[in-house]
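Thanks for coming. I will take a few minutes to walk through one structure, starting with the whole chain and ending with single side chains.

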Amino acid sequence: MSDRNDRWGDLLRRANRGDGAAYAAFLTECAPVIRNIVRARSGGGDEVEDVVQEVLLAIHAKRHTWREADPVTPWLYAIARYKTVDLWRRRKGGTPVPIEDVAEVLPDERSDEVMAARDLAGMLDRIDARSAGIVRAVGIEGESAGEVGARLGMSEGAVRVAYHRAMQRLKEMAAAETGRTG
């Protein structure tokens with residue numbers, strides 16, 4: 001884990017200084033591990049890839065908050081944990097699995113969502129501003145639907161519906177761009 005943490009820390013430091021190749025390598029290496037963590041903590045299901053995309057979006061939006069003197073893996077695992085907790089809340093239940101139980105999970109060889117993670121910021125720019133703002137506030141910043149609704153003059157339920165619809169549009173855009181369906 002120390003080697004992984006050191007390598008990922010180096011890649012993210014370089015990425016935060018503008019090195020696009022380092023950022024792509026960072027996402028390529030951490031995405032499969034994040035997927036395994038989300039899958040293990042959520043019990044699997046159709047929502048795993050959606051949560052992985054939410055985690056990658058959060059990493060992209062919040063990568064400047066990582067303190068370079070700190071190990072990067074606990075920061076990543078915390079984001080994955082919080083996004084998975086959001087999934088449990090949406091499901092109204094679930095069986096949590098301690099992060100320590102999956103911290104050493106080896107990544108699988110797939111990395112197709114790295115491109116999706118890179119493109120996600122661009123896709124947010126292609127949906128309407130209100131929906132993109134809701135996705136950023138709820139999905140990335142971690143604000144509650146009530147907080148966002150109060151700020152936008154919407155009910156909590158309306159924010160949840162708008163968030164769900166925006167995430168569905170993003171998922172459809174990503175599938176269309178990669179030639180996948182579903």
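I will begin with how the model was made and read, then go through helices, charged pairs and rings.

This is a predicted model, so local features are given only where pLDDT is at least 70 and side-chain atom pairs only at pLDDT 80 or more, while totals for chains, interfaces and linings use all residues. Residues are numbered from 1 along each chain as its sequence is written, and side-chain values use heavy atoms, with hydrogens and water left out.

First, the overall picture. The protein chain has eight helices and zero strands; helices here are DSSP runs of H or I with at least four residues, strands are runs of E with at least two, and both are numbered from the N terminus. In sequence order the pattern reads α-α-α-α-α-α-α-α. Of the 182 residues in the protein chain, 45% are buried. Buried means under 20% relative accessible area, exposed means over 50%, and partly exposed is in between, with a 1.4 Å probe and protein chains only. Among contacts in the protein chain with a separation of 6 or more, 71% come from residues 24 or more positions apart, a contact being heavy atoms within 4.5 Å.

Next, some single helices. Helix H3 covers residues 48-62. What span should its 15 residues have at 1.5 Å a residue? The expected span is 1.5 Å times one less than the number of residues, which gives 21 Å, and the end C-alpha atoms of H3 are indeed 21 Å apart. The buried residues of H3 are Val48, Val51, Val52, Gln53, Glu54, Val55, Leu56, Leu57, Ala58 and Ile59.

Helix H7, residues 145-152, has Ala145, Val148 and Gly149 buried. Looking down the axis of H7, these buried residues fall within an arc of 100°, so they line one face of the helix; the arc is taken from the directions from the helix axis to the C-beta atoms. On the face of H7 turned away from the buried side are the exposed residues Ala150 and Arg151. After H7 comes Gly153, which has a positive phi, near 70°.

Ala158 belongs to helix H8, residues 156-178. Its relative accessibility is 31%, so Ala158 counts as partly exposed. Measuring from C-alpha to C-alpha in the model, Ala158 and Ala145 are 8.6 Å apart in space and 13 residues apart in sequence.

Now the charged pairs. Side chains of opposite charge can pair when their charged atoms come close. The structure holds eight salt bridges, each being a side-chain nitrogen of Lys or Arg within 4 Å of a carboxyl oxygen of Asp or Glu. I will show three.

One joins Arg14 and Asp10, at 3.0 Å from N to O. Both residues lie in helix H1, residues 2-16, four residues apart, about one turn of the helix. Arg14 is partly exposed at 35% relative accessible area, and Asp10 is partly exposed at 33%. Asp10, Arg14 and Asp19 are linked in a network of salt bridges.

Another salt bridge is between Arg17 and Glu68, at 3.0 Å from N to O. Arg17 is in the loop between H1 and helix H2 (20-42) and Glu68 is in the loop between H3 and helix H4 (72-91), so the pair ties together parts that are 51 residues apart in sequence. Buried or exposed, which is Arg17? Arg17 is exposed, at 60% relative accessible area, while Glu68 is partly exposed at 29%.

The third is between Arg67 and Asp70, at 2.8 Å from N to O. Arg67 counts as exposed at 61% relative accessibility, and Asp70 is partly exposed at 30%.

Last, the rings. A pair of aromatic rings is described by the distance of the centres and the angle of the planes. Rings of Phe, Tyr and Trp (its six-membered ring) pair if their centres lie within 6.5 Å; planes under 30 degrees apart count as stacked, over 60 as edge-to-face, and the rest as tilted. How many aromatic pairs does this rule give? The count is one. The centres of the Trp8 and Phe26 rings are 6.4 Å apart and their planes stand at 80°, so the pair is edge-to-face. Trp8 lies in helix H1 and Phe26 in helix H2, so the pair ties together parts that are 18 residues apart in sequence. Both Trp8 and Phe26 are buried.
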